[in-house]
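Thanks for coming. I have one structure to go through today, and I will start with the sulfur chemistry before moving on to rings, strands and charges.

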Amino acid sequence: LPILNRNFAGFATLVPGAIGQSGTAIAGGVFRLGGGGQNNIMMDGVSTMDTGNNGQLISMNVDSIAEVKVLTQGYQAEFGRSSGLQISAVTKSGTNQLRGSLYDIERNSDWNSNSWVNTKNGDPKAVSKQRDWGYSLGGPIGKPGGANRLFFFYSHEYRPREIGGDINRFRVPTVLERQGDFSQTRDNNGALFNTIRDASTNLPCTTGDTRGCFQDGGVLGRIPQSRLYPTGMNILNRLWPQPNVEQGPGVGYNYEVQVPVTKSLLHQPVIRADYQVSSSLRFTAKYAGQLQGQDTDPGSLPGFNDLLRWNRNRHAPSVTDNYNLSSSMFVEGTYGYSFNEIANLYVSPLSNRANAGLADLPMLFPQAGLVDPSYNAARVFGAAESPFYTDGKVMYPPNFTWGNRIANAPPNLGAQLANIN
């Protein structure tokens, strides 16, 4: 069946009472009509939920799934984790005949025309090349069609991606502003905005009355050198690059950059074995994974907020024992778990506020950055030699707010995760 993505949870949208919505934080991107709550997603009887963000841990490809069951209400006691949709999948198993598949699904920006907005702005078309290709093979361990007891199934999907080329625009401090001179400063509409109030005068500072404005040397908007705060000047001078575009009337930015094109590869192996010991007893073992190597993803401002994806591997092993006590009664036991290790780490030296000259910036909680050495974050930060981690302490710079007179403000270096779920 055609679905929007290669995630088996997308099949839930075919069930009455469920509706899909992209971009949502709900696991699987599917809502239950007539009621809220988070979803619960299981695979072979084992929860595959990311307990850190309550999302789907593994978006397993549909070619490895034999059955998807969706419950929208009237849940039994076994479904006790969440009050939203209960989505349960079963992986494929081998049969007594050898069977397999081979597939390739591609999306390529070369096949698309440039957008209307890009054309009007004179921007190139962004690069987005995506492939989902893979294969599967299942059958008996023995002669096909014979009296076999052991069966296997193996599936592997590869997802190479090539993306980038977007044009991002920001409003960064100008050369004059980095010297404390705001006489030529322009706002989000490109209009001159040089009325900077000197609070020590207790006088108004408006375009009609500039008595309370900074105007060193008779230049409106220029702050005297003796009044400049050195740490504040470091914020303007060291964090963000200098403008590369002239900001004129009607323009809300003065810096533009093209995000570099990057390549990545994610792959999903699934292997399952079924052993029919007798007509009453059956054992099943399965491993499903979502594996991806370390990559450095360029940020919205390349070179400033780039992220090292330290570990993006996800695993979901399980074993099941099924025993028939009679023609109407059976006992089934399943053991399994799913886990991942998330670590998104800044690589820029500026992610350490000491490197940006902000070590003397007063902090409300000076010890807030200390990391317990027994925590996983301490191990990851140290192994990755993260520039923001010094002497057992995270040294992120603070987040800055630019106000409503500045549009396209440059990004902050917000806190990132390093945890195991």
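A disulfide here means a pair of cysteine sulfur atoms within 2.5 Å. Keep in mind that this is a predicted model.

By that rule the count is one disulfide. The bond runs between Cys205 and Cys213, with an S to S distance of 1.9 Å. Which hand does the disulfide of Cys205 and Cys213 have? The torsion about the S-S bond is about 110°, so the disulfide is right-handed. As for accessibility, Cys205 is buried at a relative accessible area of 15%, and Cys213 is buried as well, at 6%.

Next, the aromatic rings. Searching the whole structure gives 11 aromatic pairs. One of them is Trp240 with Phe304, a tilted pair with 6.3 Å centre to centre and 50° between the planes. Where in the chain do Trp240 and Phe304 lie? Trp240 is in the loop between α2 (230-238) and β13 (255-258), while Phe304 is in the loop between β16 (295-297) and β17 (307-309), so this pair ties together parts that are 64 residues apart in sequence. Trp240 is buried, with a relative accessible area of 4%. Phe304 is buried too, and its relative accessible area is 4%.

Trp240 also forms an aromatic pair with Phe400, and that pair is edge-to-face, at 6.0 Å centre to centre and 80° between the planes. It links distant parts of the chain: Phe400 sits in the loop between β22 (393-394) and β23 (418-420), 160 residues apart from Trp240. Both of these residues, Trp240 and Phe400, are buried.

There is also a ring cluster, in which ring pairs link Tyr346, Phe381, Phe388, Tyr389 and Tyr396. One of these, Phe381, takes us to helix α3, residues 376-383. Which residues of α3 are buried? They are Asn376, Ala377, Ala378, Val380 and Phe381. As background, an α-helix has 3.6 residues a turn, so residues three or four places apart point the same way. The cover over the buried residues of α3 includes β20 (339-346), β21 (389-390), β22 and β23. After the helix comes Glu385, which has a positive phi, near 50°.

Now the strands. Strands of a sheet pair through backbone hydrogen bonds, either parallel or antiparallel. Both senses turn up in what follows. Strand β12, residues 167-170, pairs with β13 in the antiparallel sense over four bridges. Within that pairing, Tyr255 of β13 is the bridge partner of Phe170. How do the side chains along β13 point? They alternate: Tyr255 and Val257 point to one face and are buried, whereas Glu256 and Gln258 point to the other and are not.

Elsewhere there is an open sheet of four strands, in the order β4-β3-β8-β7, with mixed pairing. Its edge strands are β4 (46-47) and β7 (65-71), each pairing on one side only. In the parallel sense, strand β3 (residues 40-43) pairs with strand β8 (residues 86-91) over four bridges. Met42 stands opposite Ser88 of β8.

Last, the charges. How many salt bridges does the structure hold? The structure has 22 salt bridges. I will take three of them.

The first example is Glu106 with Arg131, whose side chains meet at 3.5 Å, N to O. Glu106 lies in strand β9 (residues 99-108) and Arg131 in strand β10 (residues 127-140), so the pair ties together parts 25 residues apart in sequence. Both ends are partly exposed: Glu106 has a relative accessible area of 38%, and Arg131 has 32%.

Then there is Arg405 with Asp187, where the closest N and O atoms are 2.9 Å apart. Arg405 lies in the loop between β22 and β23 and Asp187 in the loop between β12 and α2, so this salt bridge ties together parts that are 218 residues apart in sequence. Arg405 is partly exposed, at 35% relative accessible area, but Asp187 counts as buried at 5%.

The remaining example is Asp274 with Arg272, which meet in a salt bridge at 3.0 Å, N to O. Asp274 and Arg272 are both buried. They also belong to a network of salt bridges that links Asp44, Arg272, Asp274, Arg282 and Lys286.

That is what I have; questions are welcome.

Note on methods: Residues numbered from 1 in each chain as written. Predicted model: local features only at pLDDT ≥ 70, side-chain atom pairs only at ≥ 80, totals over all residues. Heavy atoms only, no water. Phe/Tyr/Trp six-rings, centres within 6.5 Å; stacked < 30°, edge-to-face > 60°. Helix = DSSP H or I, 4+ residues; strand = E, 2+ residues; numbered from the N terminus. Buried < 20%, exposed > 50% of the residue type's maximum accessible area, 1.4 Å probe, protein only. Pairing = 2+ DSSP bridges. Contact = heavy atoms within 4.5 Å. Salt bridge = Lys/Arg side-chain N within 4 Å of Asp/Glu carboxyl O.
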